[in-house]
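Trainee: Hi! Could you walk me through this one? I'm new to it.
Mentor: Happy to, let's put it on the screen.

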Amino acid sequence: NLLDVILENNVEVEGFGACEGTLACSTCHLVFSQDQFNKIPEKPTDEELDMLDLAFGLEDTSRLGCQVT
Ligand code: FES
């Protein structure tokens with residue numbers, strides 16, 4: 001999934017994916033372009049939205065990277 005891609009590509013995000021996809025952190029916060037955002041099939045759950053609220057630099061096209069594939 002996307003998280004694996006990012007981890008493999010060694011994106012420089014300090015502590016990215018700290019909770020390993022269990023929606024207990026917001027270190028995997030990603031801001032997508034509107035175009036990319038529209039293509040994400042999974043809609044955010046309430047849990048994801050709650051966690052996104054805590055993320056730094058929240059945008060309309062923000063998602064948690066561990067929740068999108
Ligand atoms: Fe923690 Fe995504 S890795 S919420």
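What follows is a chat about the fold, the buried parts and a few single residues.

Trainee: What kind of model is this?
Mentor: This is a predicted model. The protein averages a pLDDT of 84, and 78% of the residues score at least 70. For the complex, the predictor gives an ipTM of 0.97 and a pTM of 0.78.

Trainee: Which element has the lowest mean pLDDT, and which the highest?
Mentor: Helix 1, residues 2-8, has the lowest at 63, while helix 3, residues 46-53, has the highest at 95. Keep a general caution in mind: where pLDDT is low, the predicted coordinates should not be read in detail.

Trainee: Okay. How many helices and strands does the protein have?
Mentor: There are three helices and two strands. Going along the sequence, the pattern reads α-β-α-α-β.

Trainee: And what share of the residues is buried?
Mentor: Of the 69 residues, 33% count as buried. The protein exposes about 4,700 Å², and carbon and sulfur atoms supply 49% of that area.

Trainee: How much of the contact count comes from residues far along the chain, say 24 or more positions apart?
Mentor: Such pairs account for 65% of the contacts with a separation of 6 or more.

Trainee: Let's look at helix 3. Which of its residues are buried?
Mentor: Glu48, Met51 and Leu52 are buried in helix 3. Seen down the helix axis, these buried residues fall within an arc of 105°, so they line one face of helix 3.

Trainee: Is there a general reason why that spacing works?
Mentor: Yes: an α-helix has 3.6 residues a turn, so residues three or four places apart point the same way.

Trainee: What sits on the face turned away from the buried side of helix 3?
Mentor: That face carries the exposed residues Asp46, Glu47, Asp50 and Asp53. On the buried side, the cover includes strand 1 and strand 2.

Trainee: Let's move to strand 2. Is arginine 63 buried or exposed?
Mentor: Arginine 63 lies in strand 2, residues 62-64. Arginine 63 counts as buried because its relative accessibility is 2%, and the cut-off for buried is under 20%.

Trainee: What does its side chain make a polar contact with?
Mentor: The side chain of arginine 63 makes a polar contact with the side chain of glutamate 48, at 2.7 Å. Glutamate 48 is one of the buried residues of helix 3. Leaving aside neighbours within four places in sequence, the contacts of arginine 63 also include Cys28, His29, Phe32, Ile40 and Leu52.

Trainee: You mentioned Ile40. Where is isoleucine 40 found?
Mentor: Isoleucine 40 is in the loop between helix 2, residues 34-39, and helix 3. Isoleucine 40 is buried too, with a relative accessible area of 8%. Not counting residues up to four places away in sequence, isoleucine 40 touches Phe32, Arg63 and Val68.

Trainee: And threonine 61, what does its side chain reach?
Mentor: The side chain of threonine 61 reaches the backbone oxygen of phenylalanine 32 at 2.5 Å. Threonine 61 is found in the loop between helix 3 and strand 2, and at 8% relative accessibility it counts as buried. Beyond its neighbours within four places in sequence, threonine 61 is in contact with residues including Leu30, Val31 and Phe37.

Trainee: Leucine 54 next: buried or exposed?
Mentor: Exposed, because its relative accessibility is 64% and the cut-off for exposed is over 50%. Leucine 54 is found in the loop between helix 3 and strand 2. Its C-alpha atom is 9.8 Å from that of histidine 29, with their positions 25 residues apart along the chain.

Trainee: New topic: how many disulfides does a search of the whole structure find?
Mentor: Zero. As for the cysteines, cysteine 19 is buried with a relative accessible area of 16%, and cysteine 66 is buried with 12%.

Trainee: Last one. What is the phi of glutamate 20?
Mentor: Glutamate 20 has a positive phi of about 55°, although it is not a glycine. In general, most residues other than glycine have a negative phi. Glutamate 20 sits in the loop between helix 1 and strand 1, residues 29-31, and is exposed, with a relative accessible area of 68%. Leucine 23 lies in the loop between helix 1 and strand 1 as well, and its phi is also positive, near 55°.

Note on methods: Residues are numbered from 1 along each chain as its sequence is written. This is a predicted model: local features need pLDDT of at least 70, side-chain atom pairs count only at pLDDT 80 or more; totals for chains, interfaces and linings use all residues. Side-chain values use heavy atoms; hydrogens and water are left out. pLDDT is the predictor's confidence in each residue, from 0 to 100. Helices (H or I, at least four residues) and strands (E, at least two) are DSSP runs, numbered from the N terminus. Buried means under 20% relative accessible area, exposed over 50%, partly exposed in between (1.4 Å probe, protein chains only). Contact means heavy atoms within 4.5 Å. Accessible areas come from the Shrake-Rupley method with a 1.4 Å probe; for residues, only the protein chains shown count as cover. A disulfide is a pair of cysteine sulfur atoms within 2.5 Å. A polar contact is a pair of N or O atoms within 3.5 Å; within protein, one must be able to donate a hydrogen and the other to accept it, and residues adjacent in sequence count only if both atoms are side-chain atoms. The arc is that of the directions from the helix axis to the C-beta atoms.
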